[in-house]
Amino acid sequence: MAPAFGWPRPRLSALALAGVLALAAATPAAATPGSGPQARDKAPQQVGALVNGGFEAGLTGWKVTGATGAAKVEGPGHDGSAQRLAHWSASAYDVRTRQTVKRLAPGWWTVSAWVKSGGALDATTLGLTGCGVDDVTTTPLTEQDDAWVRLSVSAKVRGGSCTVEIATRGPGGAWANVDDVTLTPGQVSRDVRGGDLSGLAKNEDHGATYKTAKGKAGDAVRILADAGMNVGRLKVWVDPADGYNDREHVVATAKRIKAAGMGLLVDFHYSDRWTDPGAQGVPSAWAGQSPAELQQSVHDHTRDVLDALAAEGITADYVQVGNEINPGMLWPWGQTWDVDTTDGVVGAQWDNLAAFLTAGAQAVREVDPDTRVILHLTNINNGIGSLTWWFDEVTARSVPFDVIGLSYYGYWHGSLADLQGAVSTLSQRYDRDVLVVETAYPFTLEDDSPAWENIMNLPDELVSGYPATPAGQAAALRAVQDVVASAPGGRGIGTVYWEPAWTAVEGNGWDPEDPSSGNAWENQALFDFDGRLLPAAKELAADPSTTALCEHGGRRAR
């Protein structure tokens, strides 16, 4: 059952899966079963020809304007090729490398390129212009590991032609490398642009207030929805010490999320407090239960919360069965390795874990078979094998799920290239869409009052190239969104920003058992220390070309 604003909906990627891997296909993309974004226009059948997209013939077919000598062809290129396009100058410069492609049938077209860039925020853009409805986006910075990432931009062609443009306008030292540019029928867009609002109710009860970017006081849910957030995520604890993140609070905030026109993602932790790779404790009410009893408790708890939502006319669009469950859940009975060698439960308990996950998924299906079940892992930085190992085990046991959820914080979990590789590999290997259900970045390294040392508080902890400033936060968020949406295979459906409204107020700290505990996250919220919406929230806006309201131009090129 799709909600009024259209989730979930079938996705048509810019490239069919096989063609994307070759980066040479020019065939219409096929619908991906069971995925999330809006239905696409039928892909056009007449294919225009982009010339020399790999720059192996130098700049043949491309027109360069602007600073003399700032655009040239160098080697090596992407994926072992001989050459690539390079933009660079020692002094401030503006250069554009463009190619107009004609004979394009009306409909969606996507330009994709492999890119690397650095030296300045927002200096280089990739765009499709002169199409009728244009779109432009900024290249991600890759200073962290100097690895190529794929970037895609879509536009709706009306007049039969489009100009592919790579533009750099920046200070001396800003640079970009571009290679393997393709123009193909179809569309890529950032479909889930969500936020985790779990801490909002408690924050408000302890005095937090929120304002728009212009300083007008308002409801944080509405402010974020107006900015473009389209999915709200809420975690559920069984019997939390502070009384928040329980069934009643989840239902109350879910009503606000749905009233604001957003979709709903419910995140079951199956614990009384935080769960993550370091903690997957059994709720106190379930202590001493056997694996079979825990399986029933998982089912009943999941069903209880979703039934309470249904009683208010609310259906979850997505449900996470577990949170960051690399080591399993409900330790020790659901562990994926021997977490505690002294607890009498020896070794991995995959069959138990599969039973717990299946029980949760079955409860979801009983309430609404169209709700999409997410299994959520983290620690991409441990290598793709640490993720495929886990999913191989649960798929071998026929655990039902629809979406692979990942946490990605660039300062912990590797580079943008690592993230994009994980999205592509996992989606292809398991034939599932991938959603980044947690990401964030700081807008400052300062601490708010009441003071509590921030998790991210030192310059050397940051992702290279992305400063802890409002502009740096905005660019980092957009980079993650674009890397997920542009991942080869077309199955990265979006991102969810973690706790954008968790600002610092007395009494709402991280520990539900300790009212005096502080907030170490407020410098990564999307509201500043005065409660005013930050510029990063603009990156929650839908791609202009996906709506009928884009006659004025295209996506703002930051």
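Is Gly228 buried or exposed? Keep that in mind as you select Gly228 in this predicted model. Gly228 is buried, because its relative accessible area is 14%, and the cut-off for buried is under 20%.

**Stop 1: Gly228**

Stay on Gly228. This glycine sits in the loop between helix 3 (220-227) and strand 17. Now add Ala541 to the selection. The two residues are 313 places apart along the chain, yet their C-alpha atoms are separated by 4.0 Å. Show the contacts of Gly228 next. Leaving out residues up to four places away in sequence, Gly228 touches Arg193, Leu540 and Ala541.

**Stop 2: the whole chain**

Zoom out. Colour by secondary structure and you will find nine helices and 23 strands. The chain has 558 residues, and 60% of them count as buried. Turn on the surface. The accessible area of the chain comes to about 19600 Å², and carbon and sulfur atoms hold 52% of that. Among contacts with a separation of 6 or more, 78% join residues 24 or more positions apart.

**Stop 3: Tyr210**

Select Tyr210, which belongs to strand 15 (residues 210-211). Tyr210 is buried, because its relative accessible area is 2%. Which residues does Tyr210 touch, not counting those up to four places away in sequence? Some come from the stretch that follows Tyr210 in number, including Lys216, Ala217, Gly218, Ala220 and Ile223. Leu200, Asn203 and Glu204 are also on the list. So are Ala501, Thr503, Phe527 and Gly531. Add Leu533 to the view. The C-alpha atoms of Tyr210 and Leu533 are separated by 7.6 Å, with their positions 323 residues apart along the chain.

**Stop 4: helices 4 and 5**

Hide the side chains and select residues 247-259 and 291-311. These are helix 4 and helix 5. Two packed helices are described by the angle between their axes and the distance between the axes. Here the angle is about 35° and the axes are 10 Å apart. The crossing of helix 4 and helix 5 is right-handed.

Bring the side chains back. Which residues meet where helix 4 and helix 5 pack? From helix 4, look for Arg247, Val250, Val251 and Ala254. From helix 5, look for Asp304, Val305, Ala308 and Leu309.

**Stop 5: salt bridges**

Side chains of opposite charge can pair when their charged atoms come close. How many salt bridges does a search of the whole structure find? The count is 33. Visit three of them.

Begin with Glu165 and Arg98. Their closest N and O atoms are 2.7 Å apart. Glu165 is in strand 12 (residues 162-170) and Arg98 is in strand 6 (residues 93-101), so the pair links distant parts of the chain, 67 residues apart. Glu165 is buried, with a relative accessible area of 11%. Arg98 counts as partly exposed, at 24% relative accessibility. Keep both selected and add Asp94, Arg96 and Arg169. Together, Asp94, Arg96, Arg98, Glu165 and Arg169 are linked in a network of salt bridges.

Move to Asp242 and Lys202. This salt bridge has its closest N and O atoms 2.7 Å apart. Asp242 is in the loop between strand 17 (231-236) and helix 4, while Lys202 is in helix 2 (residues 200-205), and the two are 40 residues apart. Asp242 is partly exposed, with a relative accessible area of 21%. Lys202 counts as buried, at 8% relative accessibility.

Finish with Asp392 and Arg429. Their side chains meet in a salt bridge of 2.9 Å, N to O. Asp392 lies in helix 7 and Arg429 in helix 8 (residues 416-430), so the pair ties together parts that are 37 residues apart in sequence. Asp392 is partly exposed, with a relative accessible area of 31%. Arg429 is partly exposed too, at 47%.

**Stop 6: a nonpolar patch**

Stay with helix 7 (residues 385-396) and select Trp389, which lies in it. Is Trp389 buried or partly exposed? Trp389 counts as partly exposed, because its relative accessibility is 34%. Now add Trp337 and Val339. With Trp389 they form a nonpolar patch on the surface. Together the three have about 260 Å² of accessible area.

Conventions. Residues are numbered from 1 along each chain as its sequence is written. This is a predicted model: local features need pLDDT of at least 70, side-chain atom pairs count only at pLDDT 80 or more; totals for chains, interfaces and linings use all residues. Side-chain values use heavy atoms; hydrogens and water are left out. Patches are made of residues with over 30% relative accessible area and no salt bridge: like charges are joined within 9 Å, nonpolar side chains (Val, Leu, Ile, Met, Phe, Trp, Tyr) within 5 Å. Accessible areas come from the Shrake-Rupley method with a 1.4 Å probe; for residues, only the protein chains shown count as cover. A salt bridge is a side-chain nitrogen of Lys or Arg within 4 Å of a carboxyl oxygen of Asp or Glu. Helices (H or I, at least four residues) and strands (E, at least two) are DSSP runs, numbered from the N terminus. Buried means under 20% relative accessible area, exposed over 50%, partly exposed in between (1.4 Å probe, protein chains only). Axes are lines fitted to C-alpha atoms, for helices over the stretch in contact, and angles run from 0 to 180 degrees between N-to-C directions. A crossing is left-handed if the near helix is turned anticlockwise from the far one by less than a right angle, and right-handed if clockwise. Contact means heavy atoms within 4.5 Å.
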